[in-house]
Amino acid sequence: MPDVGARPTTIPHGASKSAPRIDLLAFAVRFQSLIGLVLVAIGGVIFSPVRHGHILFLAPDNIANIIRAISETGIIAVGMTFVIITAGIDLSVGALLSLSSVLTATMMVSVGWGLAPTLLAVLVVGAAFGAVQGWISTRFRLEPFIVTLAGLQVARGLALVVSNNQYINISYGDGPGLAPPIFAILGDRLFDNTVPVATLVFIAFAVVATIVLNTTRFGRYIFAVGGNERAARLSGVPVTAMKISVYAITGLASAAAGIVHAGQFNFGSANDGTGYELTAIAAVVIGGTSLFGGSGSMVGTVAGSVMLGALANILQLNNINAALQLLATGAIIVLAAVLQSLVRRREGVTR
Amino acid sequence: MSEAAAGPDRRVPVLAARGIAKSFGGARALRGVDFTLYSGEVHALLGENGAGKSTLMNVLSGAHAPDEGEIAIDGQPVRFDDPREAQAAGVATIYQELDLVPTLDVAANLFLGRERVRNGFLDKAAMRDEARKRLSAIDVDIDIDRRVADLSIGHRQVVAIVKALSSASKVLIMDEPTAALTSTEVERLFKIMRDLSARGVGIIYISHRLEEVPRVADRVTVMRDGLVAGETSPKAPQAEIVQLLVGRPLGELYPKRAVNSGRRLLNLERARFRLRRDRAGWQAPEEVTLNVHAGEIVGLAGIMGAGRTELLSALYGSGLEGAWEGVVEVNGRSTKLASIRAARRAGIAFVTDDRRGDGLMLRMSVGRNLVMSIIRQVTPFGFVSAARETDSAERSFKQFDIRPHDVRIAAGALSGGNQQKVVLAKEVLGEPLLLLLDEPTRGVDVGAKGEIYARLRELAAEGLGVLVASSEMPELLGICDRIVVLRGGRTVAEFDGGIDELTVLTAASGEKMIHA
C-alpha cells in the first residue's frame, strides 16, 4: 500500500494557507510585464548613449517621446484586453483607427461639422462597427478571427473610399472647413511642456478600463465568459451581450485612437495604423492576459505597452535597425507566452 | 506455451499488474490493485463510477504512469510512458470517446498515424484494399469511403475496434463499448469479441451493464474505491455481483430521510419537450409525469440514453431549442421555461454532470465562482462589493466545508470532491426553490459523497425541492424519497423509498433490450 506521506513531491493541499512557499514562477508570470518593464528600463539606462554627461534615455524629452509614441496602440491595447479576456481577438483595430482618422478630418474639413459632433459621431461609428462584428460573430457562430479579419478589410476599404486615397489635411481656424484650434492640443504637451496630451487620453482610458474590469459586475461577467462560456451561460450571464460589448469597446477605443492620430498629425489617412493590431495584441499578451481567455490584467497591458515602447526607443537611440527591433519584440512575446503556458500546465487547467 | 492446457492458473498471463497505485492531487484513485489477463479470455471489469476502473485502464494502456506497482506483458516487466509504447507492446484501447477523426473517411482513420507511403506519396490504393480486407475479416459491411461523421455510433465503434486491432495483437481494452449501441449492434460486437478471443486476444471488458456479463465474460473482477473488491464467475447470481459493487453498508453513507414534504414545486403531467430540430443521441422528454414537493428529494433513474440529462436541461432551458407541451408548473404556476433566465426567475437552479466543463471557471478564484449565481446581490449599482462577496463566499465555505478554506485559491486547484461542493454551494447561494442535479457525485470520493448527501438532506429539510438524476443506483436508493424511472424519454415507473436495485433496473431496461 502506498504511503501518502512518503511522496514529498506533490504540492500540499493547503499550500496557499499553511505553507506559504514563495512560488517564483507564479510571481514571475503575475508581474511579468512590470518585471520586463524594469529590466528594459535598466537596459535602457545601461545601453543609452550619453551626451554632455546626460543619459539620453532618461532625458525628459525622450521619456515624453516614448509615452507619446505608445499612446495610440496603448488605447487600442486597453480595449483589446477586454476582448482577449473573453478568449476573442480583434484584428480590425488598426484599420478602424485609420478609418476614424479619415472620418474625423473629413467631417470637420469637408463636411464642416463642429468639434463635438464630429468626435461624438466618430466614437459612435467606431463602437457600432465593433458591435456589428461582435453580433455577426455570435449570431452566426463564426470565429472572431475571421469576422474581424473581414472587418479589417472593410474598414480599410471604407477609409480609402471616404478619403479617395488622399491625405485629408486639417487646417485650424474659425469658420467652415477649418478645425477649431483646440483640437490641435492632441499634439501638444501640458504641464510645462512635459506630458503629451495623447498620453493623457491613454491614461484616462486605462484608468476607466481598470475600474470597469476589476470592480464592476460587467468586468466580472467578462472574466466569466472567457473563463468558461458554458458555465457562465448556465449561471445566467448574458453571454451574447457581453461578447458584443467587448467588440464595441475595441471599436470605441480604435475610434478614440484614430481621433488622437488625426489630432497629433493634423491629417486623416487611409493608410495609417497598419500592424497596430499586432502591437496591441503583443502588449496585452506580454501584460499577462491569456489568449485562452478567463484571466488577464489591465495594469499588465499598460506595462506591456510601455515596455514595448521603451524597447523600441532604446534600439532607436542606438541606431539599431528596425529589423532587429522586430526580432526582439518577437522573442519577448514568445517568452511571455511560454511563461503563461508553464503556469497553466501546472494549474492543471489545460485541455 | 505447452502448459496452456494445464489450466489458466499455471499459464503466464498475457498481462499482469501488481500493486498498482495512482493518485490525482489528494485523491487516491487506485490503492494497490492486482489484475491479470490471460490470452483468449474476456475479463469483465465492473465497478461503480469513481471505483477506479477508468484509471486502471488508463494505467494499463499507458495513458497514465502509475505511482506504484508493476506491469508485465507475457511475464516481462514493462513500463509504458505513453499509449504508443503500449500499442507497440500489443496493448490497444478503445475509449468511450472514440479516437476517430470525424471529418476523415473510414480508410484514412484506420491508417491514421500508420499511413502507407510509396515514393513519398500516400499509397491510397493499398490502404483502401487493406481497409476493405480488415473490415470483411470480421464480417462487417462498411463503406470505407464514407466520412466517420456520417456513420452510426455502432459502425464507428466497429471502425475503432478494427483500428485498434491493427496494434492489439495481445490485449484489447474496451471501455463501456455497448453504452451507446442498439441491441443488434451489441450482438454484432459480442460476436466480434468472441472471434477475437478465439484467436487468442485477451480482452478487458469494462461495463455498467450487469446483464451483459454472463453473455461475454469468462471472468469478472469487481472494483470498489480504488481496490479490487473481489473476483467472481460471470455465472454468479447478479445479487452477488451487486453486493460486491455496492459493498459498504448503505445506512452509514446515506443520511436518514425526514419526510415532511410541503407544497408542490414542480408538476409535470404528460409533458413533452418538442424539439425545433432533432439531434441524434439527444433523447428529448417525450411523455413525462412527475412532481417534486418542497422538502423532497426525487430521483431520476434510467439507463444511459433514457433522457435523464435531457429532461433536466430542458427544464432549465439549457438544452436544445424547443418548447414544452402539456402541463408544466413550477410552484403552482404554469410556465414555459423557455430560457435559462426564465428558469432561474422561476426559482430553478441546475448543477450539471460536468463540473469542469459546465460548472466552474477553473482559473477564477473559488470565491468569485461561488458568488456567480448571486452576482446581482454582490454588485449593488453594478460595482462589486467586496464585503458582500466575501460574506457570501464564507457562508458557502462553512456550510459545505470546502477545503482548503481559502476564497482566493483557483477553483481548478481543488480536488474533485471540493469542486463538486463548490458548484453545489454556488447554486444553493441563490436560494432556489427547486434544485436540479445531474450526477451530483460523479468522480467524487466516498468521503465527500457522504458530506454532499448530508447537505442535500439538510437543504431539503429547510424546504428545498431536489430532482436528482444519477446512474449510480445505490445513490438514488440511498438519498431519494421517491424514484421516477425514465425510459426512452418517458416516465415508466415510480417507486417510493425502500425498494431494491433490481426492481428499478428492471423497470429501467424494460422487458427487452431497446435502444440504449
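## Briefing: chains A and B of a predicted model

The secondary structure of chain B comes to 19 helices and 22 strands. Helices are DSSP runs of H or I with at least four residues, strands are runs of E with at least two, and both are numbered from the N terminus. This is a predicted model: local features need pLDDT of at least 70, side-chain atom pairs count only at pLDDT 80 or more, and totals for chains, interfaces and linings use all residues. Residues are numbered from 1 along each chain as its sequence is written, while chains are lettered from A and ligands numbered from 1 in the order in which they are written.

**Confidence in chain A**

- Chain A has a mean pLDDT of 85 (the predictor's confidence in each residue, from 0 to 100). In chain A, 90% of the residues reach 70 or more.
- Among the elements of chain A, H5(A) has the highest mean pLDDT, 96, and H1(A) the lowest, 37.
- Residues 1-21 of chain A have pLDDT below 50. This stretch makes 17 contacts in the model beyond near neighbours in sequence. Two residues are in contact if their C-beta atoms, placed from the backbone, lie within 7 Å.

**Where the chains touch**

- Chain A gives 26 residues to the contact and chain B gives 33 residues.
- On the side of chain A that touches chain B, the elements giving two or more residues are helix H1 (15-18), helix H10 (217-227) and helix H11 (229-234).
- H10(A) supplies the largest share of that side, 6 residues.
- The residues on that side of chain A divide into 12 polar, 8 nonpolar and 6 charged. Ala, Val, Leu, Ile, Met, Phe, Trp, Tyr, Cys and Pro count as nonpolar, Asp, Glu, Lys and Arg as charged, and the others, Gly among them, as polar.

**Overall form of chain B**

- Chain B has a radius of gyration of 25 Å, which agrees with the value near 24 Å for a compact globule of 516 residues. The radius is taken over C-alpha atoms, and the globule rule is 2.2 Å times the number of residues to the power 0.38.
- The C-alpha atoms of chain B fill a box of roughly 75 × 50 × 45 Å along the principal axes.
- Of the 516 residues of chain B, 46% count as buried. Buried means 20 or more other C-beta atoms within 10 Å of the residue's own, exposed means 12 or fewer, and partly exposed lies in between; C-beta atoms are placed from the backbone.
- Among contacts in chain B between residues at least 6 apart in sequence, 69% join residues at least 24 apart.

**A sheet in chain B**

- An open sheet of 6 strands runs in the order S18-S19-S20-S15-S21-S22 (chain B), with mixed pairing. Two strands pair if DSSP finds at least two bridges between them.
- Strand S18 (348-351) and strand S22 (490-496) of chain B stand at the edges; each has a single partner strand, so one side of each lacks a neighbour in the sheet.
- S18(B) pairs with strand S19 (residues 434-438) of chain B in the parallel sense over 4 bridges. Ile348(B) has Leu434(B) as its bridge partner in S19(B).

**Backbone details**

- Arg403(B) and Pro404(B) are joined by a cis peptide bond, with omega about -5°. Pro404(B) is in the loop between helix H15 (386-400) and helix H16 (416-429) of chain B.
- Ala87(A) is not a glycine, yet has a positive phi of about 70°. Ala87(A) counts as partly exposed because it has 18 C-beta neighbours inside 10 Å.
- Asn165(A), also a residue other than glycine, has a positive phi near 55°. Asn165(A) counts as exposed, with 11 C-beta neighbours inside 10 Å.
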